Structure formats: C-alpha cells, structure tokens
Amino acid sequence: MSNSEGKKVVLTCAQPTGRLHLGNYLGAVRNWVDLMEGNECYFGVVDMHAITIPYSPANLRANVYECAAQYMACGLDPEKCNLFLQSSIIGHAELAWILGCICPIGALERMTQYKDKSRKHKDALNSGLLYYPVLMAADILIYDADIVPVGEDQKQHIELTRDIAQKFNNTYSDTFKLPEAVIPKAGARIMSLQDPSSKMSKSDPNQNGTLYITDSPDVLRKKIMSAVTDSESDVRFDPESKPGVSNLMNILEAVSGAGFESIERDFAGKGYGDFKKAVAEALIEKLKPVRERYLELREDKACIESALARGNSAAQRRANRLMSKIYRKVGFLNIEKRQ
Ligand code: AMP
Ligand code: TRP
C-alpha cells in the first residue's frame, strides 16, 4: 500500500500517436479506466518518447490534443485521475540521465522494441531510440508507482525498469519500489485484421487491418467484413491454424464479455459472414459513446488544456518528492535549499 491514504499508485503512459486503435483501447486504456476507482492514478502522454523517431513538431502538438481527447473520451476522468504531459514535468529527463549511468548498453540493445524500430528507421537511427527504455524506467520510478498497466509488448521494458531500480537500490541504498506490470488477459494482443500474424498497429501499411476507436460505424463494418480468415467455415478458437478467426473472437470476447465456448456455440453451423457481422455490431455498440464524446472534446481545446494543467501539477508534486531524495543519494548538491 503506497500513498499516504493507503491507495496504490498506478502509473502508465502512451505515446501521442494520433489515433488510438482497438489494440490500444482493449490492451491498455480500457483497463486504466477500471483502475481509476480506488487508486491514485497517473496517466502520461509521453511526447518525449515520440521524438525518438522522425516526426514533425506541428503534428506532435496536434497529436497531444488528439490523444488527450481520446483518452478522456474512453473514460479517463480528469477528476478521478491525473492526466499529465511528460515534457511538462521536470524530472523525467533528469532521472533518465541518472538511470542511464547505471544501465548497461547491452541490456538496451537486447530490447525487442529497439531491435524492431532500429530496423525500421535504419537511415535515421539516433541514440534516443536506444535510450527509450531508460526514459520509460524514469517515467515509472519517479512516481514510485506500485502498478504499471501495459500491453504484453511492454513487459520486457517493465522488467528492465525493475532491474534498473534494483541496481540503483543496491548502488545507492533502498530508494525505489519495484513496480509490477499488470497485463490484461482478454484483448492483451489484438492482431491486424489483414495480417493476423502481426500486431494491430498504427503503422501497419495496410490500414484496413487497423480499427480506430474514432472510425465511423461504416468504416468499422467495412474493415471487419473484409478481415482475413481461412478456407474453412467454422468459428473456432485456434490461434495457430485459424489466426484471423481467433483474433475476431478475441475482439468479440473483449467487447461483449462472451466466452470463446459460447461464441463457438452461437455460430455453430453459421458462416464467417454472420460471425463478422456480429463482431462488427458488438464493436460499433461498444465504441458509440466513445466516439460521441471524442467528437465533442476535439472541439474543446480549453477543456483538454485545463485537464492537463491539473494533472501536470499533481504529477509534478509527486515527482518532486522522490527527485530531491534521488539527488541527495547520487551526490548532487542541493545548493538552492541551503541558502
Ligand atoms: P503504443 O500505441 O504502441 O504506444 O501502445 C500504447 C499501449 O497500447 C501500450 O500499453 C501497448 O502495449 C498497447 N498496445 C499497442 N498495440 C496493441 C495491440 N495490438 N494489442 C494490444 N495492446 C496493444
Ligand atoms: N513504451 C510505452 C509504449 O510504447 C509507452 C510508455 C512510455 C510507458 N513510458 C511509459 C508505458 C511508462 C508505461 C509506463 O506503449
């Protein structure tokens, strides 16, 4: 039990990549909404992570608003959680530098996300991309977080965070709590509708494979109806030999709560067409209020700014507590305070 009121401190972040897709929603944001009750939550829009790959400043700025609007539309209530912008908080970059000085380069080179992204951005490979997980460790440790809800793909980064925290504790005496990753079971890994062997992603070259939470019902329907399946006709959960159908079952389970067995029973003897229609309608129904709220919020910049301003000041207060302790431990003088 962690904060002064005995609540757990929950921290997670996501990059302002513009539009949230269904993988982000089911694998991440939906679970953050559930965690708001009864915990002290910090949800960060990590714009400093977003500049590790080629980008345009104007797009980044617009994406921060877009991203915050979508989080709030998904149910992150600024009255119940602290929605903050990473670059506004003093401490993330400072702590990342300190942690980088105890983190072996080899550990960073082993990160799967680094290997993937460095392959993709061969021509513009910068050290920020390698350093990314250290900044992520700082994001987490600076808040002394108990719980970090993430999708499965971030597990390796959380393990590295724990290793770095442990090493800091061993080197400088006990300072950081070792945070726990919380990875949801259903919907943890949503695959592309067009290539179910790869993750649903914003950067998928075939955008018909990616369902965005702000897609109109017509677009959602179209994408689901043209999802890749297989040459059989039975709706059965078998990710190995039926990855397309299993992915759609994952989606249906996550949005409707129906178990795989009941889905199999409901669609026994029916074709993929009926099944896809059911998946599409269940998803459209689930996303309807989200899309409506998003369309309102995107017209209301002031509302987004005031939510972020409130979240930022709460996040800064919490970050300050640990940063002064960390500075002292690593041997940095706090001259200001002594005057
Ligand atoms: P990203 O858009 O990569 O910054 O991811 C934001 C959050 O969504 C992270 O917690 C990811 O683990 C999660 N996530 C991203 N893609 C997927 C996916 N296809 N399935 C499930 N979760 C995902
Ligand atoms: N690396 C995460 C992702 O790509 C985003 C992230 C940055 C994050 N800092 C974090 C997630 C801290 C959880 C906690 O999804």
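User: Happy to start with ligand 2: which nitrogen or oxygen side-chain contacts does it make, and how far from ligand 2 is the side chain of Q154?

Analyst: A polar contact is a pair of N or O atoms within 3.5 Å. In this predicted model, polar side-chain atoms of Y132 and D139 each lie 2.7 Å from a nitrogen atom of ligand 2. For Q154, an N or O atom of the side chain is likewise paired with a nitrogen atom of ligand 2, and the distance is 3.0 Å.

User: Thanks! How much of the area of ligand 2 does the protein bury?

Analyst: Taken alone, ligand 2 exposes 370 Å². Of that area, the protein buries 89%.

User: Which element supplies the largest share of the shell around ligand 2?

Analyst: Both β1 (8-14) and α7 (127-141) give at least two residues to the shell. By character, the shell holds 8 nonpolar, 3 polar and 1 charged residues. The largest share, 4 residues, comes from α7.

User: Turning to aromatics, are the rings of W32 and F43 stacked or edge-to-face?

Analyst: Their centres are 5.3 Å apart and their planes meet at 10 degrees, so the pair is stacked. W32 sits in helix α1 (residues 22-35) and F43 in strand β2 (residues 39-45). Both W32 and F43 are buried, and together with Y71 they form one aromatic cluster. The arrangement asked for is therefore stacked.

User: And what lies over the face of F267?

Analyst: F267 is buried, as is F275. The rings of F267 and F275 have planes at 70 degrees and centres 5.3 Å apart, so this pair is edge-to-face. Over the face of F267, at 5.7 Å from the ring centre, lies K270.

Technical notes: Residues numbered from 1 in each chain as written. Chains lettered and ligands numbered in written order. Predicted model: local features only at pLDDT ≥ 70, side-chain atom pairs only at ≥ 80, totals over all residues. Heavy atoms only, no water. Phe/Tyr/Trp six-rings, centres within 6.5 Å; stacked < 30°, edge-to-face > 60°. Buried < 20%, exposed > 50% of the residue type's maximum accessible area, 1.4 Å probe, protein only. Lys NZ or Arg CZ within 6 Å of the ring centre and 35° of its normal. Polar contact = N/O pair within 3.5 Å; in protein donor to acceptor, adjacent residues only side chain to side chain. Areas by Shrake-Rupley, 256 points an atom, 1.4 Å probe, with all protein chains shown as cover. Nonpolar A, V, L, I, M, F, W, Y, C, P; charged D, E, K, R; others polar.
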